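Biologist: I'm new to this one, so could you take me through a single part of it in some detail? I'd like to hear about the second largest pocket and the parts of the chain around it.

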Amino acid sequence: SKTFWTNSLTASFNLNEGNIQSKNDSALGNFFFPRYNFNLSLPMGLIFSRPKETKRAKALFEETMIQRDITKQQLRQNIKNSYQNYLTNKYLLAFQDAVLQDGGLLLSQVQAKFESNQTALENFINSTKRYNGELVRKLTLLRDVNNSKTILENYIGMPLEDALRAINVSPN
């Protein structure tokens, strides 16, 4: 931009100015050869600005490539974090299933004792509340597993099962 003004410079010259106004009554005719005028125009700014534009474009390209590499690394890290979140939620859901089965077994025992009048109503209500609490935790974990799977699939751009099959990892 500092040398932009040089783009307006041009070089021009006239080799045979006398040919423009030739005299018809002259017996000698055209005195000047060559007969045509030549004009040479050279934008001097090209000499100064083109290398700078090239350097600027090269620097911009290198910056873009560095930014692309940084974005790739961030995407890889996000994919790894999302996969770890998915696995953690999946294992927590499996653990919660076991807890829920134990709670269901305990609830059925308390219910059987309550029906035979061997336990108080309070114990039955508390067991029901615990079982329902565990059921709510399971549903929350199931939602978390599905959300983490959806986030991971958005990052990788394909279903998780297809991606795991592509890298020969069992989806279970």
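Modeller: Here is a walk from the whole chain to that pocket, and then along the helices beside it.

First, some ground rules: this is a predicted model, where local features need pLDDT of at least 70 and side-chain atom pairs count only at pLDDT 80 or more, while totals for chains, interfaces and linings use all residues. Residues are numbered from 1 along each chain as its sequence is written, and side-chain values use heavy atoms, with hydrogens and water left out.

Now the overall layout. The chain has three helices and zero strands, and reading along the sequence gives the pattern α-α-α. Helices here are DSSP runs (H or I, at least four residues), strands are runs of E with at least two, and both are numbered from the N terminus. Of the 172 residues in the chain, 15% are buried; buried means under 20% relative accessible area, exposed means over 50%, and partly exposed is in between, using a 1.4 Å probe and protein chains only. About 13,800 Å² of the chain is exposed, with carbon and sulfur atoms supplying 58% of that area. Those areas come from the Shrake-Rupley method with a 1.4 Å probe, and for residues only the protein chains shown count as cover. Among contacts in the chain with a separation of 6 or more, 65% are between residues 24 or more positions apart, where contact means heavy atoms within 4.5 Å.

On to your pocket. Rolling a probe the size of a water molecule over the atoms shows where empty space is left. On a 1 Å grid over the protein atoms alone, a pocket is an open set of points with protein on both sides within 12 Å along at least five of seven lines, unlike a cavity, where a 1.4 Å probe fits but cannot get out; lining residues have an atom within 4 Å of a point. The second largest pocket holds about 150 Å³ of space, a volume being the space filled by probe spheres set on the points, which are joined across faces, edges and corners.

Who lines it? Ile79, Lys80, Tyr83, Leu152, Ile156, Leu160, Ala163, Leu164 and Ile167 do. At least two lining residues come from each of α1 (45–115), α2 (121–156) and α3 (160–166). Eight of the lining residues are nonpolar, none is polar and one is charged. In that count, Ala, Val, Leu, Ile, Met, Phe, Trp, Tyr, Cys and Pro are nonpolar, Asp, Glu, Lys and Arg are charged, and the others, Gly among them, are polar.

Next, look along α1. Tyr86 is in this helix and is buried, because its relative accessible area is 7%. Leaving aside neighbours within four places in sequence, Tyr86 touches Val145, Ser148, Lys149 and the lining residue Leu160. Tyr86 and Lys149 sit 63 residues apart in sequence, yet their C-alpha atoms are 5.9 Å apart. Leu87, also in α1, has a relative accessible area of 17% and so is buried too. From Leu87 to Ser148, 61 residues along the chain, the C-alpha separation is 8.8 Å.

Then there's α2. Its 36 residues should span 52 Å at 1.5 Å a residue, and the end C-alpha atoms are 52 Å apart, so the two agree; the expected span is 1.5 Å times one less than the number of residues. The buried residues of α2 are Ser127, Glu134, Leu141, Val145, Ser148 and Leu152. Ile151 is in α2 as well, but it counts as partly exposed because its relative accessibility is 44%. The C-alpha atoms of Ile151 and Ile79 are 8.8 Å apart, with their positions 72 residues apart along the chain.

Finally, the ends of α2. Just after this helix, Gly157 takes a positive phi of about 75 degrees. In the loop between α1 and α2 you'll find Asn117, which has a positive phi of about 60 degrees although it is not a glycine. Asn117 counts as exposed because its relative accessibility is 70%.
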